[in-house]
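Student: I am new to this structure and would like a close look at a single part of it. Could you take me through it slowly, in one connected answer?

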Amino acid sequence: MRLPRGLRALCAVAAIVMPLAGTARALPSSEAPASLLVFPLVSVDATAGVDTVVQLTNTGAAAQSVRCVYIDASLSAAAESGFVVTLTPAQPLRWRAGAGLASLPIAGDNSGTIPAVPVTPFSGTLRCVSAQTDGTPSAADVLIGVATVEHSAPVDSASYAAIGFAGTGASADAPEVLVLGGAQAEYAACPTQSELPLLLDDAVIDLGADSAVQRTTSTLIALATCSSRPSLGGAQATVNLVVSNEFGQELSFTRSIPEILITDLSRLDTAVPQQSMFNAANAGSPHSVVTISPNSSGGGVLAVALTAFTDPSDASATHRAAVQARVSGDQPLPDLVDLALPTPAPLSCAGDCNGDGSVAINELILGVNIALGTSPLSACAAIDADGSGSVAINELIAAVNAALTGC
Amino acid sequence: MLSLHALTSHRARLALAMLASAVALATAANAQTTTERAASILIYPKIVADSSADTIVQLSNAGAGRANAQCSYIDGPQGWQATSFAIELQAGQELLWNASRGRAAAEDGTTAAVPAAPAGLRGELLCVVVDAGGAPTGDDRLAGHATVVTLADGEVAGYAAVGLRGAGFNDNDEVLCIGGQPSDTCFIGAEYDACPAAWIVTHPADGAVDEQLGAGSALSTRLAIAPCSQNVRDGVAAAVTVDFDVTNAFEQHFTASSEVTCWADLALADVGSGALTVETLGSDYATTTLRPAAGQGGFVVVAETERHASAGGPVVSRAALNPQRSGAADGDDVIIVPTVRP
């Protein structure tokens, strides 16, 4: 029996709609387990009482190894480090970035340790990717993560979820390089647009039924390129930033950003914050959806913000809340995450100040003087084998060994 | 014997139901709530406007044209009382207001008025995209954010509103079909994406020491939960049983459950007679998966971690978080909204 013409047309529409529904592409998301997690903002500053609590959970039913990389915004080789840990099924791990985790909870089943951030103060990113036990990336959409930036004076905390990239099932040739989006995508593509619903800087917000409480706002924004190339001096991207006030008026600004940019919102477009388009008075309203659109011919960008609410009569009374970005669109070109970190000077030649292939007694003495602070590190950079900017006892011992046994 | 008209009608209904089912299946992989994309229904799971706190509400029209929305403040503890209002947003416009005071319309008509929430409100805000006549449309235009501010000390906790996207079919009536299959109530099946089958919350164990604050301090977690099924029109409270599956750092599992009627702001310490405290869990942190009991509808949730300088003492800091989610709830959820003419 033939269906009426209207129903035949409806079925034809369904035939078109259903394949379209099935081909919807995955966007990065902080809402679901993924293979690659990006924490755009990790802050550690013991002097200022700032630390970041990281929670990483394996939501899968099998053990899962994870390879993680810290990169400080300075992009110096000494400020980047990595580690590999194995989580048991459904296991959460939690650590303070400033301290790390010297021992994992389940001896024997867990493996690896989590070091503290490579330098302090640290202000940068953490990327974690599901991997094989040797650290070779291997997609498994089981990871979720949360970061909480804590301040001690006054006590304050703000949490955000890591941005996750699902695996596609494809595998490119270079295991150390993750391909995000593009024709050979191993992971979901970066978004073409991120939107942050923000209270603009220096906005005054009245609170309570009688408006008895006032707060002024300021925002710290973290932008991280989807691509990461620490061994090549860092990635870059060009972004268009748009402020749309509540009256439909728009202000925009285009700039390039380094691999990691963590800055006051009002310093994104000018060195004079009072002149910024992100200042509430200049924008014409206290709030805006700030749109971040990377250049389509360049790489993608991820964003998260911390908005501070300050008592205008007591600047020390500040509390923060995190704002996560809404995302849309797929970047047409792939973003590449290179997990290889710059290689510090080999430890076996530590102390070879003049580069002659051996360590002499005067070089050892110089190393001790640097460790004691009586000589500058620049007098013998080779003694600082791990590139940390200081000389530790193990580096002096390595230098002595090199003097005794050769480089 | 069926008449030709009835046969055609029956066949048409059958075909429509099959079509709706097929498309629902085809889109099932993406059919979940979202906090990252514009949606047709927004739920702000925690709005407070009382003497202790106020809430800054941000509501955006992500579409290229005007958007009309019908919103309802729903008071949880005071017996499911709803205060509804209509609002219009220009293309790309975001409106901001305090729940305790609402906002006045601009004289030139560019920004809409929003009423104050009922005094003492603790509950949720629900907003649905409608057409100019007030009929729900399923157009994905809205996105939202809320910041709960404690008035005494200015402590803040922000989260994104939970969105349900349109599923492509919508009969434009006041019965909003959230996920599920065609039924007598929802003839064409899902008009909106389903609520999640599970929410995943990573949190400190209740009572664990806050390392930054030191000995004697404590951490706690609250969960604001609203059932996805809501009869706002008739003021009928829905209920859902929430099952908690907790995994500690040692891979040990613990379970508990809690009944949520209409709305709840649960302290984890009160769930399962203390089953989620640090003493019971044996580790300082855990991951909890929250699921509706078998066969029940879904729910939405936002989590808040609280820090106390002393155990049992006042909260000195809090941070809110939208939990991760997984799968689509088994049960069919229905939201029934009142008709509010603009």
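Student: How many residues does the contact take from chain B, and how many from chain A? Please start there, and then show me what chain B looks like behind that contact.

Tutor: Happy to! One thing to keep in mind from the start is that this is a predicted model. The contact draws on 63 residues of chain B and 68 residues of chain A. On the side of chain B that touches chain A, the element that gives the most is helix H1 (residues 4-26) of chain B, with seven residues. Sorted by class, that side of chain B holds 29 polar, 24 nonpolar and ten charged residues.

Now let us look at chain B itself. Chain B is divided into two parts, domain 1 (29-194) and domain 2 (196-329). Between the C-alpha centres of domain 1 of chain B and domain 2 of chain B there are 23 Å. These domains also touch: 27 residues of domain 1 of chain B are in contact with 28 residues of domain 2 of chain B. Several strands of chain B each supply at least two residues to the domain 1 side of that contact, namely E1 (41-49), E3 (67-75), E4 (81-89), E6 (121-130) and E8 (156-160). By class, this side of domain 1 of chain B has 13 nonpolar, nine polar and five charged residues.

Strand E8 of chain B is a good one to follow further. An open sheet of four strands in chain B runs in the order E5-E2-E7-E8, with antiparallel pairing. Strand E5 (94-98) and strand E8 of chain B stand at the edges, and each has a single partner strand, so one side of each is left without a neighbour in the sheet. From one strand to the next, the twist averages 15°. For E8 of chain B, we can look at the pairing with strand E7 (residues 142-150) of chain B, which is antiparallel and spans five bridges. Within it, B:Val148 stands opposite B:Ala157 of E8.

One loop of chain B is also worth a visit. B:Asn172 lies between strand E9 (162-164) and strand E10 (175-178) of chain B. Its phi is near 65°, a positive value in a residue other than glycine. B:Asn172 counts as partly exposed because 13 other C-beta atoms lie within 10 Å.

Across the contact is chain A, which has four helices and 21 strands. Chain A has 407 residues, and buried residues make up 51% of them. Among contacts in chain A between residues at least 6 apart in sequence, 69% join residues at least 24 apart.

Chain A has a positive phi to show as well: A:Leu75 has phi near 60° and is a residue other than glycine. A:Leu75 sits in the loop between strand E3 (64-72) and strand E4 (80-87) of chain A. A:Leu75 counts as buried because 20 other C-beta atoms lie within 10 Å.

Finally, look for two cis peptide bonds in chain A. One runs from A:Thr120 to A:Pro121, with omega near -5°, and A:Pro121 is in the loop between strand E5 (92-96) and strand E6 (122-131) of chain A. Another joins A:Ala153 and A:Pro154, with omega about -10°. A:Pro154 is found in the loop between strand E7 (143-152) and strand E8 (155-161) of chain A.

Key
Residues are numbered from 1 along each chain as its sequence is written. Chains are lettered from A and ligands numbered from 1 in the order in which they are written. This is a predicted model: local features need pLDDT of at least 70, side-chain atom pairs count only at pLDDT 80 or more; totals for chains, interfaces and linings use all residues. Two residues are in contact if their C-beta atoms, placed from the backbone, lie within 7 Å. Ala, Val, Leu, Ile, Met, Phe, Trp, Tyr, Cys and Pro count as nonpolar, Asp, Glu, Lys and Arg as charged, and the others, Gly among them, as polar. A residue is buried if 20 or more other C-beta atoms lie within 10 Å of its own, exposed if 12 or fewer, and partly exposed in between; C-beta atoms are placed from the backbone. Domain bounds come from an automatic or database domain assignment. Two strands pair if DSSP finds at least two bridges between them. Axes are lines fitted to C-alpha atoms, for helices over the stretch in contact, and angles run from 0 to 180 degrees between N-to-C directions.
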